[in-house]
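Follow the text below with the model open in a viewer. The paragraphs move from one strand and its partners to charged pairs, and then to loops and the surface.

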Amino acid sequence: MTDLLYPDKPRPGDHVAVLSPSSGLPGLFPLPYELGLRRLQDDFGLKAVEYPTTRKMGAAPEERAADIHAAFADPDIKAVIASIGGDDQITVLPHLDGDLLRANPKPFFGYSDNTNMLLFLRNLGLVSYHGGTVMVELGRPGAMHPLTADSLRAALFTSGEYELTPASTYGDVNRPWQDPHTFESEPDMEPADGWSWHNGDRIVEGTSWGGNLEIISWLLMADRVVQPVDAYAGNVLFLETSEDMPRAQEVYWILRSMGERGLLQQFPVLLMGRAKSWSFENQLSTEEKAHFRQRQREAVMRALHQYAPDTMAVFDVELGHTDPQLIVPVGGRIRVDGPARRIVVTY
């Protein structure tokens with residue numbers, strides 16, 4: 001694939017669309033959502049514009065697609081930011097007008113279930129941005145994480161290279177969004193071990209492809225927005241797993257299927273996000289969380305050994321459902337420098 005188009009960036013004072021292409025959770029949990037809106041205005045200088053389904057739970061796929069079209073078609077809207085993820089954005093894809101989106105390119109920010117939209121835009125030849133939702137990253141209790149805020153600011157407003165920075169601490173234990181006390185202090189953090197490198201003896205640079213592993217597995221099953229495997233030759237793969245906390249065996253099965261398809265081995269490097277290892281339904285201890293992450297890493301390595309033994313891999317990159325979160329361009333350039341232990345993205 002030739003280089004994709006980077007849409008023009010917003011400037012402070014511009015209007016940006018805040019959409020819910022997946023779930024209308026802002027209507028159910030207004031506290032983190034409205035905190036995120038205030039930070040968009042006060043910290044980033046952007047004016048948020050809501051659409052009919054932004055706070056609407058259970059909105060039909062056609063309604064959500066109509067909001068996406070309206071936001072992209074409006075010349076006063078300079079970027080589109082997802083409120084949060086969900087689990088059924090795949091049903092919105094058939095209702096999207098690719099010609100309209102391609103003719104009105106805008107930076108789009110989202111992750112998790114928004115992997116659907118990110119990869120749809122990539123197929124249109126447009127760079128988009130994995131990360132930075134209103135409710136989670138902008139609506140973080142207490143304050144935005146400095147690494148997240150710096151990365152999001154750079155991705156929103158600047159063009160060019162940006163070096164990702166490993167975090168010294170991380171968080172993945174949440175507090176209830178319906179409780180106002182949740183937002184009075186920052187989340188608890190734990191020591192982070194930094195990135196872990198495999199086959200890190202080379203430099204790889206390429207166009208990025210990836211997102212949430214569970215969503216990608218659904219897209220593969222439905223044969224949506226996935227191109228012939230050779231279209232990804234030489235690309236940089238990035239993957240992360242969600243608060244659903246898929247078992248290590250399931251992670252291996254998904255990657256095995258990608259290998260059997262001939263897809264996994266197209267990528268000379270994999271950036272694997274730090275695994276989310278706690279949820280309200282699965283409240284693991286510190287030791288159990290470490291074991292969960294180790295098992296997931298072993299599952300990824302098992303698949304790589306089988307299907308892509310020469311692929312370089314970097315584990316525990318801050319690009320997924322844990323805190324802080326670094327923004328990754330989808331369809332943009334990423335340079336992974338193994339000897340120098342550096343990752344540089346192009347926003």
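**Strand β16 and its surroundings**

At 34% relative accessibility, Arg342 counts as partly exposed, because the value falls between the limits of 20% for buried and 50% for exposed. The model is a predicted one. Arg342 lies in strand β16, which covers residues 342-346. This strand is mostly covered, with 4 of its 5 residues buried.

Strand β16 has a pairing with β15, residues 333-337, which is antiparallel and runs over 4 bridges. Within that pairing, Arg335 has Val344 of β16 as its bridge partner. The two strands form a hairpin with 4 residues between them. In this hairpin, Arg341 takes a positive phi near 55°.

Strand β16 also pairs with β6, residues 161-163, again in the antiparallel sense, over 3 bridges. Here Tyr162 stands opposite Val345 in β16.

What is the distance between the closest N and O atoms in the salt bridge of Glu163 with Arg342? These atoms are 2.7 Å apart. Glu163 lies in β6 and Arg342 in β16, so this salt bridge ties together parts that are 179 residues apart in sequence. Glu163 is partly exposed, with a relative accessible area of 35%. The two strands are thus linked by backbone bridges, 3 of them, and by the side-chain contact of Glu163 with Arg342.

**Other salt bridges**

The model has a count of 16 salt bridges. Another one of them joins Arg274 and Glu318, with an N to O distance of 3.4 Å. This pair links distant parts of the chain, 44 residues apart. Arg274 sits in the loop between β12 and α9 (286-307), and Glu318 in the loop between β13 (312-317) and β14 (328-330). Are Arg274 and Glu318 buried or exposed? Both residues are buried. Elsewhere, salt bridges with shared partners join Glu34, Glu50 and Arg55 into one network.

The salt bridge of Arg102 with Asp99 is found within a single helix: the two residues lie in α3 (residues 98-103). They are 3 residues apart, about one turn of the helix, and their closest N and O atoms are 3.1 Å apart. Asp99 is exposed, because its relative accessible area is 56% and the limit for exposed is over 50%. Arg102, with a relative accessible area of 40%, is partly exposed.

**Loops and surface around α8**

Helix α8 (248-260) has a loop on each side to look at. In the loop between β11 (236-240) and α8 lies Glu243. At 37% relative accessibility, Glu243 counts as partly exposed. Patches take in residues with over 30% relative accessible area and no salt bridge, and Glu243 belongs to a negative surface patch together with Asp87, Asp244 and Glu281.

The loop between α8 and β12 (269-273) contains Gly262. Is Gly262 buried or exposed? Gly262 is buried, since its relative accessible area is 16% and the limit for buried is under 20%. Met312 is 50 residues away from Gly262 along the chain. The C-alpha atoms of Gly262 and Met312 are separated by 17 Å.

Key: Residues are numbered from 1 along each chain as its sequence is written. This is a predicted model: local features need pLDDT of at least 70, side-chain atom pairs count only at pLDDT 80 or more; totals for chains, interfaces and linings use all residues. Side-chain values use heavy atoms; hydrogens and water are left out. Buried means under 20% relative accessible area, exposed over 50%, partly exposed in between (1.4 Å probe, protein chains only). Two strands pair if DSSP finds at least two bridges between them. Patches are made of residues with over 30% relative accessible area and no salt bridge: like charges are joined within 9 Å, nonpolar side chains (Val, Leu, Ile, Met, Phe, Trp, Tyr) within 5 Å. Accessible areas come from the Shrake-Rupley method with a 1.4 Å probe; for residues, only the protein chains shown count as cover. A salt bridge is a side-chain nitrogen of Lys or Arg within 4 Å of a carboxyl oxygen of Asp or Glu. Lys and Arg count as positive and Asp and Glu as negative; His and the chain ends are not counted. The place of a charge is taken as NZ of Lys, CZ of Arg, CG of Asp or CD of Glu.
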